[in-house]
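Please open the model in your viewer and keep the selection panel at hand, since this tour moves from one selection to the next.

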Amino acid sequence: AKKTLGVNHQYYEPSMEDEVSNRLNMLRKLRADFALDKLELWYQPQLCIKTQKVVGMEALLRWPHQPNQYISPAVFIPLAEYSGLIVDIGLWVLEQACQQLKRLAEVGYTNLRIAVNVSMPQFRSAQFVPSVIETIQRYQVAPHLLELEITESVVMDEPNRVISALQKLKSFGIKVAIDDFGIGFSSLSYLQQLPLDRIKVDRAFINAIDQQDGGLIAETIINLGKRIGLQTIAEGVETAEQLAVITQMQCDEVQGYFFAKPLPHAELMAYLAEN
Ligand code: C2E
Ligand code: CA
Ligand code: CA
Ligand code: CA
């Protein structure tokens with residue numbers, strides 16, 4: 001069995017008062033720190049359940065606050081989205097991820113994919129699809145190793161635009177996962193028309209395995225994915241019991257603290273060397 005690996009960093013949690021009165025300051029600081037290249041991209045391993053081998057990783061932003069303290073993306077991503085700064089940050093993330101794919105290939109990891117989160121304002125900007133393709137080409141990365149994670153809200157935004165953007169990405173070989181699946185309100189019939197590759201079962205439903213529903217929703221989502229020909233990955237797996245249950249449900253892949261937390265580059269390399 002694998003043990004959790006990962007530094008224990010803490011998140012700085014602003015008080016309610018801080019948060020309301022300092023949002024603008026926080027945004028100003030985020031802009032400044034981003035311009036100073038202070039944001040970091042960390043990577044959380046994703047494993048194949050059958051082989052227990054690492055097959056990829058999700059790229060997650062980290063904003064250093066104090067030594068060993070980070071402001072949670074759950075706090076600053078909404079600010080970045082609201083202000084539009086996410087478009088530039090998103091391009092930077094994409095750039096970092098492609099650079100990382102190239103570095104991985106150079107040291108022999110030629111088959112690990114990187115999943116990047118894409119939020120609505122990013123997906124909506126006209127430059128998005130061309131810049132993804134341009135970045136991949138510039139780093140000479142295999143397109144099937146880049147996966148974009150979009151949420152249901154992105155998918156439901158403007159169906160026709162979304163479908164054509166996804167088709168363009170797909171025809172280029174890029175993979176697409178639907179993130180936090182089951183949390184939003186997608187129309188299931190619409191979902192079936194989208195050129196998706198993977199469904200990410202939200203952590204809430206993995207958590208529910210040992211709580212109220214005994215895994216009923218997780219199982220339903222995994223079965224749905226199988227029926228419509230999509231790969232499935234469970235996120236937020238923290239215990240051996242949760243792993244056993246999703247294995248039973250024939251989920252394909254897993255991501256969670258049970259295996260590894262999001263890791264900075266050097267620790268990721270150490271983890272890969274052992275797994
Ligand atoms: P998400 O895309 O749903 O990412 C998964 C979150 O679950 C991450 O939180 C990850 O650290 C956390 N997680 C993974 N395994 C476990 C586990 O076993 N237990 C628990 N309790 N948590 C686990 P994180 O890194 O704080 O990111 C929060 C959210 O911020 C992400 O949720 C995503 O929506 C957003 N985000 C992060 N990086 C980016 C980015 O580069 N671009 C955009 N647009 N959004 C990002
Ligand atoms: Ca995600
Ligand atoms: Ca998620
Ligand atoms: Ca989420």
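Buried here means under 20% relative accessible area and exposed means over 50%, with partly exposed for what lies in between. Please keep in mind that the model is predicted.

Begin by selecting D180, whose relative accessibility of 27% falls between those two limits, so that D180 counts as partly exposed. With D180 still highlighted, add the calcium ion (ligand 3), for which the protein donors are D179 (OD), D180 (OD), E235 (OE) and E235 (OE), at distances of 2.2 to 2.6 Å from the ion. Read along the sequence, the donor residues of this calcium ion (ligand 3) show the spacing D-D-x54-E.

Next, centre the view on D179, which at 7% relative accessibility counts as buried. Which two ions does D179 bridge? They are the calcium ion (ligand 3) and the calcium ion (ligand 2), and the separation between the two is 3.8 Å.

Now move the selection to the calcium ion (ligand 2), where E58 (OE), N117 (OD1), E149 (OE) and D179 (OD) provide the coordination at 2.1 to 2.3 Å. Along the chain, the donors of the calcium ion (ligand 2) are spaced E-x58-N-x31-E-x29-D. Within this set, N117 and E149 form a pair that links distant parts of the chain, with N117 in strand β5 (residues 113–117) and E149 in strand β6 (residues 146–151), 32 residues apart. Colouring this pair by accessibility is a useful next step: is N117 buried or partly exposed? At 30% relative accessibility, N117 counts as partly exposed, whereas E149, at 1%, counts as buried.

Leave the ions and select helix α4 (residues 85–106) together with helix α13 (residues 265–274), the axes of which come within 13 Å and cross at roughly 40°. That angle makes α4 oblique to α13, and the crossing in which α4 passes α13 is right-handed. To see where the helices touch, show side chains for Q100, R103 and L104 on α4 and for H265, L268, M269 and L272 on α13, the residues that make the contact. Colour these residues by class, and the contact of α4 with α13 resolves into four nonpolar, two polar and one charged residues.

To close the tour, return to D179 and display both ions once more, since this residue bridges the calcium ion (ligand 2) and the calcium ion (ligand 3).

Methods
Residues are numbered from 1 along each chain as its sequence is written. Chains are lettered from A and ligands numbered from 1 in the order in which they are written. This is a predicted model: local features need pLDDT of at least 70, side-chain atom pairs count only at pLDDT 80 or more; totals for chains, interfaces and linings use all residues. Side-chain values use heavy atoms; hydrogens and water are left out. Donors are N, O and S atoms within 2.8 Å of the metal (3.2 Å for Na, K and Ca); water is not among the atoms, so sites may look incomplete. Buried means under 20% relative accessible area, exposed over 50%, partly exposed in between (1.4 Å probe, protein chains only). Axes are lines fitted to C-alpha atoms, for helices over the stretch in contact, and angles run from 0 to 180 degrees between N-to-C directions. Helices (H or I, at least four residues) and strands (E, at least two) are DSSP runs, numbered from the N terminus. Angles under 35 degrees count as roughly parallel, over 145 as roughly antiparallel, 65 to 115 as roughly perpendicular and the rest as oblique. A crossing is left-handed if the near helix is turned anticlockwise from the far one by less than a right angle, and right-handed if clockwise. Contact means heavy atoms within 4.5 Å. Ala, Val, Leu, Ile, Met, Phe, Trp, Tyr, Cys and Pro count as nonpolar, Asp, Glu, Lys and Arg as charged, and the others, Gly among them, as polar.
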